[in-house]
Amino acid sequence: MASSSAGLSTSGSSTTATPAEGCNEDELAAPERADLPVVPEADEGLQVVRAGVGDMTLGEKLWDFKEWSVIQLECTRQFMGEWWGGRGRTVDLQLTERVGKMRSAREAYVKMALVAQAMRTTLVAMSDTQRDLAYLLNSMAATDSKIPQPLQSKMKLSSGAHMYVCNREKLLMAALDSFVHNVNTLVRVAIDDLLSQIPAYKAMRIEYDAYRNKLEKVKAAAKGTAAANRDRVISQAEEAFRPRNERFTAVRREFIVRVRFLEQNEVSVMRKQLVLLQNAMCAFYSGNTDTLHKCLEEFRIKAPKTLHDPAKSALAAAEESPFRYLSVGDLASNGVRRKSGDSLAGPSPTPSQQ
């Protein structure tokens with residue numbers, strides 16, 4: 001990775017503890033402890049006691065602390081050298097570019113999920129208002145005796161149409177909920193899990209570069225020394241660099257595999273979610289409820305139960321389409337007269353009302 005991390009956390013190195021001088025074999029043996037878990041072996045009937053930190057001798061603890069201090073010192077030197085520009089670092093330009101694209105895609109997906117959630121909130125508010133209008137029309141048609149009978153039937157039909165649309169809006173809300181949930185899962189789980197591995201990768205890279213630069217420095221400084229002393233110093237530096245090189249190569253390979261899998265998963269998930277959103281929107285605004293149901297079934301989204309109950313929709317058994325426009329002829333055929341100059345928004349009063 002090209003960028004350096006401000007909070008440095010190097011990965012722990014696996015070192016073999018060497019016993020201090022003057023320690024006999026009895027002191028190195030781990031004493032049995034009653035509070036440690038005992039794992040029975042079924043084959044040989046043996047008991048294995050897990051070793052704890054308290055079983056280490058003082059010499060082993062000091063040796064581990066020394067190894068840890070050396071690693072931290074080398075990594076700190078490398079980090080400060082990179083910060084001030086005095087040391088070189090390993091940069092994978094292709095991997096850095098791919099991670100940068102993943103960060104940009106994450107920001108775009110977060111905005112997309114927020115916009116879809118805002119759309120869902122707006123749809124809920126519109127559905128609630130439309131439902132209130134349907135209840136008002138139905139109440140006026142049922143309780144207000146001053147309204148003519150032909151208008152009462154149209155009010156009931158209009159109320160049923162609004163309730164029908166409200167129920168269809170629940171299907172669209174279910175599709176939007178699934179879209180937002182899946183996009184958030186892609187962002188919060190898949191992408192964030194990959195980005196959380198970057199600090200460990202940076203720490204391993206810094207440790208690798210620290211011992212690589214140390215090896216190069218030892219080779220450059222040992223040119224003027226004796227052959228025997230030069231070979232010994234270079235051999236020690238190579239022995240310290242070799243395990244870091246192997247671990248960094250393994251971590252880098254695993255990280256590249258994670259990035260490739262995430263890129264494939266991103267394309268697969270977003271293609272499916274965009275098809276869901278497009279089909280649901282087209283089916284909703286075209287008034288095709290069956291297609292909207294099929295869309296939810298195709299993506300295994302559970303539809304609201306109210307839409308499967310014919311008693312919940314006032315237009316379940318209606319022969320007339322609720323979306324057909326009413327013409328002036330329809331008003332006249334239902335006994336509603338219209339004077340010249342009156343608008344279609346408000347029918348003219350009957351002679352009894354005048």
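Reader: At roughly what angle do the axes of helix 5 and helix 6 cross?

Author: In this predicted model, helix 5 covers residues 198-221 and helix 6 covers residues 227-285. Their axes come within 9 Å, and the crossing angle is roughly 155 degrees.

Reader: Is helix 5 roughly parallel or roughly antiparallel to helix 6?

Author: Angles over 145 degrees count as roughly antiparallel. The axes of helix 5 and helix 6 cross at roughly 155 degrees. Helix 5 is therefore, relative to helix 6, roughly antiparallel.

Reader: Is the crossing of helix 5 and helix 6 left-handed or right-handed, and how do the residues of the contact divide?

Author: The handedness of the crossing between helix 5 and helix 6 is left-handed. The residues of this contact comprise 15 nonpolar, 1 polar and 8 charged.

Reader: Which residues does Phe248 touch, leaving aside residues up to four places away in sequence?

Author: Phe248 lies in helix 6. Its C-alpha atom is separated by 5.9 Å from that of Met204, although the two are 44 residues apart along the chain. With residues up to four places away in sequence not counted, Phe248 touches Tyr201, Met204, Arg205 and Tyr208.

Reader: Is Phe248 buried or exposed?

Author: The cut-off for a buried residue is under 20% relative accessible area. Phe248 has a relative accessibility of 6%, so this residue counts as buried.

Reader: Where is Leu292 found, and is Leu292 buried or exposed?

Author: Leu292 belongs to helix 7, which spans residues 289-298. Because its relative accessibility is 0%, Leu292 counts as buried.

Reader: Which residues does Leu292 touch, not counting residues up to four places away in sequence?

Author: Leu292 and Ala280 are 12 residues apart in sequence, and their C-alpha atoms are 5.8 Å apart in space. Apart from residues up to four places away in sequence, the contacts of Leu292 are Arg168, Leu171, Leu172, Ala280, Ala283 and Phe284.

Reader: Why does Cys295 form no bond with the closest cysteine sulfur?

Author: A disulfide is a covalent bond between the sulfur atoms of two cysteines. The pair of sulfur atoms must lie within 2.5 Å to count as a disulfide. For Cys295, the closest cysteine sulfur is in Cys282, and the separation is too far for a bond, at 9.5 Å.

Reader: How many disulfides does a search of the whole structure find, and are Cys75 and Cys295 buried or exposed?

Author: The search of the whole structure finds 0 disulfides. Cys75 has a relative accessibility of 0% and so counts as buried. Cys295 has a relative accessible area of 3%, and its status is likewise buried.

How values were computed
Residues numbered from 1 in each chain as written. Predicted model: local features only at pLDDT ≥ 70, side-chain atom pairs only at ≥ 80, totals over all residues. Heavy atoms only, no water. Helix = DSSP H or I, 4+ residues; strand = E, 2+ residues; numbered from the N terminus. Buried < 20%, exposed > 50% of the residue type's maximum accessible area, 1.4 Å probe, protein only. Contact = heavy atoms within 4.5 Å. Axes fitted to C-alpha atoms, helices over the stretch in contact; angles between N-to-C directions. Parallel < 35°, antiparallel > 145°, perpendicular 65-115°, else oblique. Left-handed = near helix turned anticlockwise from the far one by under 90°. Nonpolar A, V, L, I, M, F, W, Y, C, P; charged D, E, K, R; others polar.
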